[in-house]
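Walk through this model strand by strand, then residue by residue. The sequence and structure come first, and the explanation follows.

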Amino acid sequence: MQKPILTLLSIAVFYSAGAQDIKPTGTVEYVSEELSKIIKKNAEVEVIAEGFEFTEGPLWVAKEKMLLLSDIPANTVYKWTEKGGKEVFLKPGGYTGAVERGGFMGPNGLLLSSDGKLWICQHGDRRIATMDASLQNPKPEYSTVVGEYNGNKLNSPNDLILSKSGNLYFTDPSYGLASDSKKEIDYQGVYKMSPSGKVTMLLDSIDQPNGIAIFPNQKTLLVSNSDPIKRRWYAYDLAEDGSIESGRIFHDASDASEPGLCDGFKIDKKGNVFASGPGGIWIFNKTGEVLGRIKTEGATAANCELTDDGKTLFITAEKHLLRIKMR
């Protein structure tokens with residue numbers, strides 16, 4: 001049976017849209033002393049940019065010393081630098097059609113390919129695309145990386161990660177579909193695309209697969225479920241060929257009282273997980289033990305990104321971009 005498509009209205013409710021005009025504040029909650037080795041005790045959460053519609057998909061580009069991030073309803077990829085602040089980087093970023101439409105149509109997850117190209121999860125175009133221009137001279141000109149599975153259009157690719165062996169893993173929930181879209185795949189899937197371009201469906205059992213990443217040892221895939229009932233992160237063992245062998249619940253936050261879903265996340269070089277979830281950013285060690293949280297009051301955290309040295313964390317939180325210098 002086809003599962004119902006979540007409307008933009010229901011997404012707004014999940015993400016506490018009524019609080020979006022409040023300037024957020026952040027505090028660090030230390031559940032374990034182990035967290036003090038990752039985030040110094042006097043670390044402060046700063047608001048470094050605002051005035052967005054709904055921020056997502058942050059990507060740190062070390063060579064350019066810039067952060068790229070998606071504004072999904074605005075159909076725009078922005079860049080942020082210490083010197084220039086917030087600037088438009090690409091528009092349109094996720095929907096290139098001629099017919100006007102609303103909703104979560106824009107870009108979401110961003111990634112640099114092995115050859116330095118920008119790959120974008122484009123909700124409106126229902127594909128993962130590569131920007132044909134360079135990072136230094138961006139243009140809204142795209143080619144499709146993957147847009148179909150077994151001849152059917154994807155729903156709205158949300159997040160993506162490349163393994164060291166060149167396999168592309170991505171999630172495909174229904175958030176970006178317009179209310180009048182014809183859904184061609186009955187489930188919300190997790191997929192693998194091999195370096196040769198072959199697309200394999202790995203999972204169809206997660207209600208709304210969202211964030212995705214691989215642990216540094218390349219042996220475990222982590223996926224978040226942004227379903228409001230089953231607020232969980234799942235871990236899957238990876239086989240030599242890149243397929244999944246077995247799965248388990250990494251952490252279950254379904255009983256958390258704070259608003260927010262299990263959304264985007266990042267894993268550092270030591271295997272610590274920084275994951276958007278109820279109340280802010282949850283920090284786990286590689287075994288799934290909660291070390292603490294960065295609590296965001298006034299805005300729901302949807303995703304985060306680490307700098308290459310692992311010392312700074314950026315957080316996308318509705319209309320705002322936050323930063324915490326951890327070490």
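Strand E5 (residues 76-81) and E6 run antiparallel and are joined by five bridges. Strands here are DSSP runs of E with at least two residues, numbered from the N terminus, and two strands pair if DSSP finds at least two bridges between them. Within this pair, Tyr 78 stands opposite Val 88 in E6. E5 and E6 make a hairpin, with three residues between them.

This is a predicted model, in which local features need pLDDT of at least 70 and side-chain atom pairs count only at pLDDT 80 or more, while totals for chains, interfaces and linings use all residues. Residues are numbered from 1 along each chain as its sequence is written, and side-chain values use heavy atoms, with hydrogens and water left out.

The hairpin belongs to an open sheet of four strands in the order E3-E4-E5-E6, with antiparallel pairing. Strand E3 (55-61) and strand E6 (85-90) are the edge strands, each pairing on one side only. On average, neighbouring strands of this sheet are turned by 30° against each other, direction ignored; the axes are lines fitted to C-alpha atoms, and angles run from 0 to 180 degrees between N-to-C directions. At the E3 edge, E3 pairs with strand E4 (residues 66-71) in the antiparallel sense over five bridges. Glu 56 stands opposite Ser 70 in E4.

Lys 65 lies in the loop between E3 and E4. Lys 65 has a positive phi of about 50°, although it is not a glycine. Most residues other than glycine have a negative phi, and most peptide bonds are trans. Lys 65 counts as exposed because its relative accessibility is 62%; exposed means over 50% relative accessible area, buried under 20%, and partly exposed in between, with a 1.4 Å probe and protein chains only. Past the other edge of the sheet, a cis peptide bond with omega about 0° joins Lys 91 and Pro 92. Pro 92 is found in the loop between E6 and E7.

A second open sheet also has four strands, in the order E2-E27-E26-E25, and its pairing is antiparallel. Its edge strands are strand E2 (45-50) and strand E25 (301-306), each of which pairs on one side only. Here the twist averages 25° from one strand to the next. E2 and strand E27 (residues 320-325) run antiparallel and are joined by five bridges, with Val 47 standing opposite Leu 322 in E27.

Where is open space left in the model? The largest pocket holds about 1,500 Å³ of space. A pocket is found on a 1 Å grid over the protein atoms alone, as an open set of points where a 1.4 Å probe fits, with protein on both sides within 12 Å along at least five of seven lines; lining residues have an atom within 4 Å of a point. Grid points are joined across faces, edges and corners, and the volume is the space filled by probe spheres set on the points. Of the 50 residues that line this pocket, the closest to its centre are Ile 267, Asp 268, Lys 269, Glu 305 and Leu 306. Elements that give two or more residues to the lining include strand E7 (107-112), strand E17 (209-214) and strand E21 (265-267). E3 supplies the largest share of the lining, five residues.

The remaining stops are single residues. Asn 155 is in the loop between strand E12 (152-153) and strand E13 (159-162), and Asn 155 is buried because its relative accessible area is 0%. A polar atom of the Asn 155 side chain lies 3.1 Å from the backbone oxygen of Tyr 187. Leaving aside neighbours within four places in sequence, Asn 155 is in contact (heavy atoms within 4.5 Å) with residues including His 123, Arg 126, Asp 172 and Tyr 187.

Arg 126 itself lies in the loop between strand E8 (118-122) and strand E9 (127-131). Arg 126 is buried, with a relative accessible area of 11%, and its phi is near 60°, a positive value in a residue other than glycine.

Lys 153 lies in strand E12 and is partly exposed, with a relative accessible area of 41%. Beyond four places in sequence, the contacts of Lys 153 include Arg 126, Glu 148 and Glu 184.

Note on methods:
A polar contact is a pair of N or O atoms within 3.5 Å; within protein, one must be able to donate a hydrogen and the other to accept it, and residues adjacent in sequence count only if both atoms are side-chain atoms.
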